[in-house]
Amino acid sequence: MERSDLPKAAQDRQAEIQQIFTVLHKWGIHTVGQLAALDKEQLAARLGPEAVRMWERANGQSNRLLKLVRPPESFDESFEFEHEIETAEPLLFMLRRFLEQLSLRLSAIYLVAKELTLRITFSNKQNYERVFKIPQPTNDVDLLFRMLHTHLENFKSEHPIIAVSLQAQPIKAASQQYGLFETTLRNPNQLSETLARLTALLGVDRVGTPVLEETHRPDAFHLEPFCWHFSNQPTVEAAVPGGSASDALRTAHTTITLRRFRPAVSASVFLSENIPAHLRSANPFGCRSGQANGKVAEQRGPYLASGNWWDEKIWSRSEWDLQLDDGTIVRCHENPNGWEIDGIYD
């Protein structure tokens, strides 16, 4: 460190010490032994307290406490392969060893891993990095290895791998006591592994948390990346769109609910004076006869809705509640491509 970078008090002290050295050299004092042989009281009277501190250090009478400085813990394992690898087996073997070493070091200081960072270096000097958030921090090697293995099952690269590293972010093990009527996930890590497999099968854009959009358009939502909520009463939401499961409820009246279809079922509707008179579904679904097919005994509608008239996402919709002669009640709508059945009332 340059002298100009030191605080003013430190600069003044260095200037004083340098001045003392100059005086001592003029006296012919050039070694520690010569300094230790001087009289302490006379040295203090002539050169001051700083010279006395120098004399005490020369005679071994000065005590300086040892300040213990711990180097920062680094939980990072890396390895460079002697030969380029093109299969996953050597990579998984090294990652297993990394996890065993990291788990041992973390457990020794009573910490657990809350996050893993995987870095892969290819022969063209490009790097791949992936961060794994651990829902419930742990040092379980098998569980952490399954998380990495699931991700690497569908991992592909154009270039061979020459190096790999794995870094763990430590945290103290959390302990939380829930109330009498509160609960948590039975196994958050198992749920995370299941979601990882679903993502590998369906794609990142088809697994996540559904979020309703600020519009009155039916079924207007988008998926956001799945996130964990740790609180006194954790809540977890996830959806896989595109299925035919009844995952939405819509109240039509005060006594019945709408079991919505994903996706909607195409249908043919015969109109009489612009009012639905007969309906026939193209695909079977969960009603009494398997398919909605029959004369319309009663109808309510049309329920008109529209929005986004100010941009290219403009939409309009005309919905009907139809009761067939067999008692089946469905909700359907008309679009430019024909009619579709949105759901059936239970």
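The following legends describe an overview and several close-up views of a predicted model.

**Figure 1. Overview of the predicted protein model.** The protein has 346 residues, of which 31% are buried. Its secondary structure consists of seven helices and 13 strands. The accessible surface amounts to about 23,400 Å², and carbon and sulfur atoms account for 51% of this area. When contacts between residues at least 6 apart in sequence are considered, 54% of them join residues at least 24 apart.

**Figure 2. The aromatic pair of Phe79 and Phe81.** A search of the whole structure yields three aromatic pairs. In the pair shown here, the ring centres of Phe79 and Phe81 are 5.3 Å apart and the planes meet at 80°; the angle is over 60 degrees, so the arrangement is classed as edge-to-face. The two residues are also described by their accessibility: Phe81 is buried, with a relative accessible area of 14%, whereas Phe79 is partly exposed at 33%.

**Figure 3. The aromatic cluster of Phe122, Tyr128 and Phe155.** Ring pairs connect these three residues into a cluster. Between Tyr128 and Phe155 the centre-to-centre distance is 4.8 Å and the planes lie at 50°, a tilted arrangement. Tyr128 belongs to strand E3 (residues 127-138), while Phe155 is in the loop between helix H6 (141-152) and strand E4 (161-172); the pair therefore ties together parts that are 27 residues apart in sequence. Tyr128 is partly exposed, with a relative accessible area of 21%. Phe155 is likewise partly exposed, at 22% relative accessibility.

**Figure 4. Arginine side chains over phenylalanine rings, at Phe145 and Phe132.** Arg96 is placed over the face of Phe145, with a distance of 5.3 Å to the ring centre. In the second view, the ring of Phe132 has the charged end of Arg130 over it, 5.2 Å from the ring centre.

**Figure 5. A nonpolar surface patch formed by Trp309, Trp310 and Ile314.** Together, the three residues present about 460 Å² of accessible area. Ile314 is located in the loop between strand E10 (293-307) and strand E11 (315-324). The relative accessibility of Ile314 is 55%; this value is over 50%, so the residue counts as exposed.

**Figure 6. The cis peptide bond between Gly301 and Pro302.** Most peptide bonds are trans. The bond that joins Gly301 and Pro302 is cis, with omega at about 0°. Pro302 is part of strand E10, the strand that precedes the loop containing Ile314.

**Figure 7. Positive phi angles at Tyr110 and Asn274.** Most residues other than glycine have a negative phi. Tyr110, although not a glycine, has a positive phi of about 60°. This residue, Tyr110, occupies the loop between helix H5 (88-108) and strand E2 (111-122), and it is exposed, with a relative accessible area of 72%. Asn274 is not a glycine either, and its phi is positive at about 65°. Asn274 is found in the loop between strand E8 (257-272) and strand E9 (275-281). With a relative accessibility of 66%, Asn274 counts as exposed.

Key: Residues are numbered from 1 along each chain as its sequence is written. This is a predicted model: local features need pLDDT of at least 70, side-chain atom pairs count only at pLDDT 80 or more; totals for chains, interfaces and linings use all residues. Side-chain values use heavy atoms; hydrogens and water are left out. Rings of Phe, Tyr and Trp (its six-membered ring) pair if their centres lie within 6.5 Å; planes under 30 degrees apart count as stacked, over 60 as edge-to-face and the rest as tilted. Buried means under 20% relative accessible area, exposed over 50%, partly exposed in between (1.4 Å probe, protein chains only). Helices (H or I, at least four residues) and strands (E, at least two) are DSSP runs, numbered from the N terminus. A charge sits over a ring if NZ of Lys or CZ of Arg is within 6 Å of the ring centre and within 35 degrees of the ring normal. Patches are made of residues with over 30% relative accessible area and no salt bridge: like charges are joined within 9 Å, nonpolar side chains (Val, Leu, Ile, Met, Phe, Trp, Tyr) within 5 Å. Accessible areas come from the Shrake-Rupley method with a 1.4 Å probe; for residues, only the protein chains shown count as cover. A salt bridge is a side-chain nitrogen of Lys or Arg within 4 Å of a carboxyl oxygen of Asp or Glu. Contact means heavy atoms within 4.5 Å.
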